[in-house]
Amino acid sequence: MYNIQLFNKIAKIGTDNFDTAKYTVGEGVTAPDAIMVRSAAMHDMVFNPELKAIARAGAGVNNIPVDRCAENGIVVFNTPGANANAVKELVICGLMLASRDITDGAAWAKTLVKTEEMDVAKQVEKGKSKFAGHEIIGKKLGVIGLGAIGALVANAAHDLGMEVIGFDSYLSVDAAWKLSRKVGRAASMDEIFETCDYITVHVPSTPETRGMFGKENIAKMKDGVRILNFSRADLACAQDVKDAIASGKIARYVTDFPTEETVNVPGIIALPHLGASTEESEDNCAVMAARELIDFLECGNIRHSVNYPDAELPHTGDCRICVMHKNVPGILNSITAVISAEGINVENMVNRSKKDYAYTILEIGGELPADAAEKISGIENVIRVNIIKEFRNVLYSSCMVSAAAVFCGWMCLYFGWEGEEKVSLLILPPMISTENTGFLGKFSGNYC
Ligand SMILES: NC(=O)c1ccc[n+]([C@@H]2O[C@H](COP(=O)([O-])OP(=O)(O)OC[C@H]3O[C@@H](n4cnc5c(N)ncnc54)[C@H](O)[C@@H]3O)[C@@H](O)[C@H]2O)c1
């Protein structure tokens with residue numbers, strides 16, 4: 001059994017992913033193998049020795065002592081992209097807010113009362129002209145950062161009729177795949193500053209990105225530029241933005257991260273960090289966080305960790321030896337030497353590193369004697385060793401679900417069911433993993 005302790009309220013759709021036969025899940029759980037958290041402050045917490053992982057249902061991990069966790073072999077996960085659609089929708093709203101005087105107009109409409117001379121409808125028609133604005137169609141939008149959110153924003157803005165160019169210093173292959181080919185590539189951030197009517201930023205706050213909307217870059221922008229910052233407050237220098245609004249250089253600044261300096265400023269529309277605040281987004285984060293923990297605890301796979309490298313291994317052997325260690329030379333030799341000394345063959349392995357830390361998964365036939373596991377733990381610079389022995393059951397259940405899906409597919413063929421689905425059923429089973437197990441189960445449930 002695994003113990004999962006919940007901090008904060010985690011959406012049930014997420015915790016429902018834990019099989020009750022294998023997991024005890026709840027706020028009152030003690031000695032957890034893993035923790036699921038949203039915003040609870042964890043910096044001062046003392047962690048129990050059994051704790052192997054913390055999954056943050058959200059993107060930011062400021063509330064988690066990430067480095068201390070890495071030193072203790074505790075893998076910290078987040079859920080990048082799970083809230084991307086929610087943020088994208090608000091950014092699209094932000095484009096409209098930056099273009100039309102919606103907020104002032106709505107505030108004015110609230111004040112209207114019928115008078116003896118004029119009813120409300122007449123006052124509206126008389127006064128509306130001061131809230132006139134612009135349309136976004138045909139305008140040029142520059143998207144800085146084309147990750148999960150930026151790519152969705154770029155594609156959606158293009159679909160709304162904008163000319164879109166994007167810039168990303170470290171664009172990943174995955175992110176590039178998600179980008180519409182209609183989105184142009186800016187050669188530099190300056191190209192965005194110099195040519196765009198609207199600029200939206202979707203990068204993390206780093207020493208490189210902090211203050212990117214400052215005096216110097218603002219000076220390069222077109223007069224009347226409209227800037228959207230739904231990423232972090234410190235990407236902009238508030239005083240420089242305010243000065244540029246006062247001079248008319250910036251027409252509108254829309255941000256999801258208000259500060260003392262940016263609330264109640266004409267020309268600045270400040271939203272109270274609403275980007276990811278949708279029920280759907282919270283559900284997506286909870287589901288993703290739960291699946292990351294399950295894949296790690298049951299299979300040793302790491303996906304979307306902020307302090308250890310991502311590493312995955314397809315299932316082939318009987319037992320997995322998962323080793324968190326420092327990223328220093330010679331460790332792999334030391335680990336495999338212990339295993340070889342037991343006369344055991346390593347059937348499959350993966351080793352990945354991330355800055356000071358590395359992670360190795362070794363898969364063997366049979367079991368690793370307990371004293372060998374202790375020897376591996378004792379190797380200098382090894383931080384933690386997790387042995388996954390019930391792994392064979394995961395493989396077995398994967399095979400069973402896959403076999404059931406194949407059987408259903410053949411039955412559909414036999415009874416003359418025509419359609420694309422049966423072809424999919426026949427080609428999916430070779431992709432066996434725990435994640436696919438759920439998928440195949442659902443798939444066969446849906447289609448058979
Ligand atoms: N408003 C909200 O509620 C809300 C919610 C989630 C995330 N966010 C913010 O949005 C940001 C983006 O989120 P995401 O999910 O798209 O993250 P992501 O990691 O998928 O994408 C970030 C992108 O920024 C790029 N990048 C990093 N440094 C850069 C630089 N110096 N110049 C150009 N590109 C750079 C990266 O290559 C990456 O493609 C987050 O860092 C967070 O600050 C806000």
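The following exchange concerns the nonpolar cores and a few strands of a predicted model.

Visitor: On what basis are residues numbered and features accepted?
Guide: Residues are numbered from 1 along each chain as its sequence is written. In this predicted model, local features need pLDDT of at least 70 and side-chain atom pairs count only at pLDDT 80 or more, while totals for chains, interfaces and linings use all residues.

Visitor: Which helix gives the largest share of the largest nonpolar core?
Guide: A nonpolar core is a set of buried Ala, Val, Leu, Ile, Met, Phe, Trp, Tyr and Cys residues joined through C-beta atoms within 7 Å. The largest one has 55 residues, and M36, A53, I54, A55, A289 and L293 touch the most other members. Nine of its residues, the largest share, come from one helix (a DSSP run of H or I, at least four residues, numbered from the N terminus). That helix, spanning residues 279-299, is α11.

Visitor: Are the residues of strand β3 buried or exposed?
Guide: A residue is buried if 20 or more other C-beta atoms, placed from the backbone, lie within 10 Å of its own. A strand is a DSSP run of E, at least two residues long. In β3 (residues 34-37), A34 and M36 on one side and I35 and V37 on the other are all buried.

Visitor: Which residue of β4 is the bridge partner of I35?
Guide: Strands pair if DSSP finds at least two bridges between them. β3 and β4 (residues 53-56) pair in the parallel sense over four bridges. In β4, the partner of I35 is I54.

Definitions and conventions: A residue is buried if 20 or more other C-beta atoms lie within 10 Å of its own, exposed if 12 or fewer, and partly exposed in between; C-beta atoms are placed from the backbone.
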